[in-house]
Amino acid sequence: PEEEVGLVGELMFLNFLIHTIGAGPAITAWQGPSSEEHDFVFSDVDLEVKTTISERRRHVISGLTQLVARPDAALALLSIQLTRSGSSGGTTLPGHVAQVRNLAGGHIARLDLLLKAVGWSINDADLYPTRWTSRSTPRAYRVDKSFPAITAEALAVAVPNAGLLSDVSYRVDVTDLEPYKLPKALSGFVEPKGN
């Protein structure tokens with residue numbers, strides 16, 4: 001279920017991107033399925049998309065590198081909250097896949113490779129009957145020195161022999177943090193506030 005919700009969130013953002021910057025640039029920006037550190041990569045900012053069904057913006061962070069910015073780009077956590085919808089509202093995971101595929105145009109082959117890389121198969125569509133809808137407007141949070149992230153650098157300072165640790169994951173609640181204003185082309189997806 002967590003992987004399903006996570007993919008729905010990424011596809012919602014991908015759908016927005018295709019409408020905003022075009023199918024080619026949007027699909028190229030989706031790097032998460034290719035095992036890159038961040039889900040979406042742009043020239044000036046990377047986005048780590050986190051989706052939850054919690055009433056608070058609580059997200060699981062996997063590993064010590066997921067919230068480490070590239071030297072030449074800002075990093076933001078994009079927080080999406082979903083809730084289950086009744087039979088007449090919302091969209092299933094297969095519905096989100098179909099929407100994005102319909103928008104992909106000449107980039108559908110690349111999109112299909114990315115979907116396969118995240119484990120999507122049309123043969124499994126019947127396994128995902130849950131209809132999801134947004135619980136709230138997404139928010140972005142700048143991952144900087146004040147963000148509650150556990151990184152190898154932070155652990156090295158606080159934990160003896162930190163290099164011996166592995167498989168680190170933790171949950172962070174960003175609900176009460178100040179939202180971050182994304183660059184203009186991306187800002188329409190999130191709440192219109194921030195610093």
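**Close-up views of a predicted model**

**View 1. Leu 77 and the residues packed around it.** Setting aside neighbours up to four places away in sequence, Leu 77 is in contact with Glu 48, Lys 50, His 59, Ile 61, Leu 67, Arg 139, Ala 140, Tyr 141, Val 143 and Phe 147. Keep in mind that this is a predicted model. Leu 77 sits in strand E4, and with a relative accessible area of 0% it counts as buried. Look for Tyr 180 here too: it is 103 residues from Leu 77 along the chain, yet the two C-alpha atoms are separated by 9.1 Å.

**View 2. The whole chain, for orientation.** Before going further in, here's the overall picture. The protein chain has six helices and seven strands, and starting at the N terminus its elements run α-α-β-β-β-β-α-α-β-β-α-β-α. Its radius of gyration is 17 Å, close to the 16 Å that the globule rule gives for 195 residues, so the chain is as compact as a globular protein of that length. Along the principal axes, the C-alpha trace spans about 50 × 35 × 30 Å. Buried residues account for 44% of the 195 residues. Take the contacts with a separation of 6 or more: 76% of them join residues 24 or more positions apart. On the outside, the protein chain exposes about 10300 Å², with carbon and sulfur atoms supplying 50% of that.

**View 3. Helix H1, from end to end.** H1 covers residues 2–21, 20 residues in total, and reaches 28 Å from its first C-alpha to its last, close to the 28 Å expected at 1.5 Å a residue. Of those 20 residues, 15 are buried, so the rest of the structure largely encloses the helix. Just after H1 comes Gly 22, which has a positive phi, near 100°.

**View 4. The largest nonpolar core.** Nonpolar side chains in soluble globular proteins tend to be buried together. Here the largest nonpolar core has 41 residues, and the members touching the most others are Leu 11, Phe 13, Leu 14, Trp 30, Phe 40, Phe 42 and Leu 47. Two or more residues each come from H1, helix H2 (23–29), strand E2 (45–52), strand E4 (74–84), helix H3 (93–104) and helix H4 (108–117). H1 gives the most, with 10 residues. Zoom in on Leu 14 and, beyond residues up to four places away in sequence, you find it touching Ala 26, Ile 27, Trp 30, Phe 40, Val 100 and Leu 111. Another core lies apart from this one; it has 10 residues, among them Ile 61, Leu 75, Val 143 and Phe 147. Ile 61, Val 143 and Phe 147 also turn up among the contacts of Leu 77.

**View 5. Aromatic rings.** The structure holds six aromatic pairs. Phe 13 and Phe 40 make an edge-to-face pair, 4.9 Å centre to centre with 85° between the planes. Phe 13 belongs to helix H1 and Phe 40 to strand E1 (residues 40–41), so this pair ties together parts 27 residues apart in sequence. Both of these phenylalanines are buried. For Trp 120 and Tyr 128, the ring centres are 6.0 Å apart and the planes meet at 40°, so that pair is tilted. Trp 120 is buried, with a relative accessible area of 11%, while Tyr 128 is partly exposed at 24%. Back with Phe 13 and Phe 40, one aromatic cluster takes in both of them along with Phe 16, Trp 30 and Phe 189.

**View 6. Leu 103 of helix H3.** Leu 103 lies in helix H3 and counts as partly exposed, at 32% relative accessibility. Leaving out residues up to four places away in sequence, Leu 103 touches Asn 15, Ile 18, His 19 and Ala 23. Phe 16 is worth labelling as well: Leu 103 and Phe 16 are 87 residues apart in sequence but 10 Å apart in space, C-alpha to C-alpha.

**View 7. Thr 51 of strand E2.** Thr 51 has its place in strand E2, and its 15% relative accessibility makes it buried. Not counting residues up to four places away in sequence, Thr 51 touches Val 5, Gly 6, Gly 9, His 59, Ile 80 and Leu 82. His 59 is also a contact of Leu 77, which brings us back to the opening view.

Note on methods. Residues are numbered from 1 along each chain as its sequence is written. This is a predicted model: local features need pLDDT of at least 70, side-chain atom pairs count only at pLDDT 80 or more; totals for chains, interfaces and linings use all residues. Side-chain values use heavy atoms; hydrogens and water are left out. Helices (H or I, at least four residues) and strands (E, at least two) are DSSP runs, numbered from the N terminus. The expected span of a helix is 1.5 Å times one less than its number of residues. Buried means under 20% relative accessible area, exposed over 50%, partly exposed in between (1.4 Å probe, protein chains only). A nonpolar core is a set of buried Ala, Val, Leu, Ile, Met, Phe, Trp, Tyr and Cys residues joined through side-chain atoms within 4.5 Å. Contact means heavy atoms within 4.5 Å. The radius of gyration is taken over C-alpha atoms; the globule rule is 2.2 Å times the number of residues to the power 0.38. Accessible areas come from the Shrake-Rupley method with a 1.4 Å probe; for residues, only the protein chains shown count as cover. Rings of Phe, Tyr and Trp (its six-membered ring) pair if their centres lie within 6.5 Å; planes under 30 degrees apart count as stacked, over 60 as edge-to-face and the rest as tilted.
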